[in-house]
Amino acid sequence: MEIIGNINSEESMGLVDGPGIRYVVFLQGCQLRCKYCHNPETWDINKKCTQISADKLIKKISRFKSYFGNNGGVTFSGGEPLLQPDFLKECLKLCKEKSINTALDTAGVGFGDYDEILSLIDLVILDIKAVDPDDYKALTGKPITFFKKFLSDCQRLNKKLWLRQVIVPGLNDNEKNILALKDFIAKIKNVEKVELLPYKTIGVHKYKDLGIKYRLDGVPDMDENRCKELEKLLFK
Ligand code: SF4
């Protein structure tokens, strides 16, 4: 039986979602409601977007294989790719068969059964929305426990991790947050890279179109130099 995915969009030459040149697949659906999300159109799991079988998608992606070089490949992003687990697993199996490197760009909040997905994935790019449970809930609308369960599964299965946090002016652009993040990351193994991503206001217009209230109205783009300075604190 064909396993069909619900894809919001695709990008054939992504340079920021993992190592090398990558084909990025943005899956529809997310259970979080991050205040700064610039893809609110991906939230609704029931919204029908591009329906494609895993087989067809990976056949299409394999045509780009020569561009991937030594370290490129495919990144499954979203939305939250963990919300389409059967489709994701099938895609990952097909990528393995074709020796295509795979990365999962995730906030770690799916349905809780991640072992098979993690056994198939080469790299997990994990968003740490916040490390304090109250801050996490205020930012995303969900308890931090789901994210922690995913992280502990990654650790048990020794998955290679890239960790990220979006830095927002007035919200978490302070040394206290960065030092708490540093402490949190120090306890995690297999971390290959840590990045702070400056908040950007791109995507704010989408909220108007969708009739959703934007909760960070008036908050400017994060200063990139300040973000880099804060990032240095992580590695001191
Ligand atoms: S996890 Fe990603 S897609 Fe989901 S709400 Fe947060 S920023 Fe948006």
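Biologist: Before we get to the sheet, what makes two strands count as a pair here?

Modeller: This is a predicted model, by the way. Strands are runs assigned by DSSP, and for a pair DSSP has to find a minimum number of bridges between the two: at least two bridges.

Biologist: Good. So in what order do the strands of the open sheet run?

Modeller: It's an open sheet of eight strands, and the pairing is mixed. Reading across, the order is E3-E1-E2-E4-E5-E6-E7-E8.

Biologist: Why do E3 and E8 each have one side left without a neighbour in the sheet?

Modeller: E3 covers 50-53 and E8 covers 191-198. Each has a single partner strand, so one side stays free, because both strands stand at the edges. As for the twist from one strand to the next, the average is 30°.

Biologist: Which residue in E3 stands opposite Asn-6?

Modeller: Strand E1 spans residues 4-14 and pairs with E3 in the antiparallel sense, over four bridges. Across from Asn-6 you'll find Gln-51.

Biologist: And helix H1, what angle does its direction make with that of E3?

Modeller: H1 is residues 54-62 and packs on the sheet, touching E1, E2, E3 and E4. Its direction makes an angle with that of E3 of about 90°.

Biologist: Let's zoom in on Leu-57: buried or exposed?

Modeller: Leu-57 is found in helix H1. Leaving aside residues up to four places away in sequence, it touches Gly-5, Val-25, Ile-52 and Cys-91. The cut-off for burial is 20 or more other C-beta atoms within 10 Å. Leu-57 has 23 of them, so it's buried.

Biologist: At what angle to E4 does H3 run?

Modeller: H3, residues 85-97, lies across E1, E4 and E5. Relative to E4, it runs at about 175°.

Biologist: How many nonpolar, polar and charged residues are in the shell around the ligand?

Modeller: Among the residues around the ligand are Cys-30, Cys-34 and Cys-37, along with Arg-33 and Glu-80. Gly-78, Gly-79 and Ala-107 are there too. By class, the shell has five nonpolar, four polar and two charged residues.

Biologist: Last one: how do H7 and H9 cross, left-handed or right-handed?

Modeller: Helix H7 (175-186) and helix H9 (224-235) have axes that come within 9 Å and cross at roughly 40°. The contact includes Ile-178 and Leu-181 of H7 and Leu-230 and Leu-233 of H9. By class, that contact has six nonpolar, no polar and two charged residues. The crossing of H7 past H9 is right-handed.

Methods: Residues are numbered from 1 along each chain as its sequence is written. This is a predicted model: local features need pLDDT of at least 70, side-chain atom pairs count only at pLDDT 80 or more; totals for chains, interfaces and linings use all residues. Helices (H or I, at least four residues) and strands (E, at least two) are DSSP runs, numbered from the N terminus. Axes are lines fitted to C-alpha atoms, for helices over the stretch in contact, and angles run from 0 to 180 degrees between N-to-C directions. Two residues are in contact if their C-beta atoms, placed from the backbone, lie within 7 Å. A residue is near a molecule or strand if its C-beta atom, placed from the backbone, lies within 6 Å of it. Ala, Val, Leu, Ile, Met, Phe, Trp, Tyr, Cys and Pro count as nonpolar, Asp, Glu, Lys and Arg as charged, and the others, Gly among them, as polar. A crossing is left-handed if the near helix is turned anticlockwise from the far one by less than a right angle, and right-handed if clockwise. A residue is buried if 20 or more other C-beta atoms lie within 10 Å of its own, exposed if 12 or fewer, and partly exposed in between; C-beta atoms are placed from the backbone.
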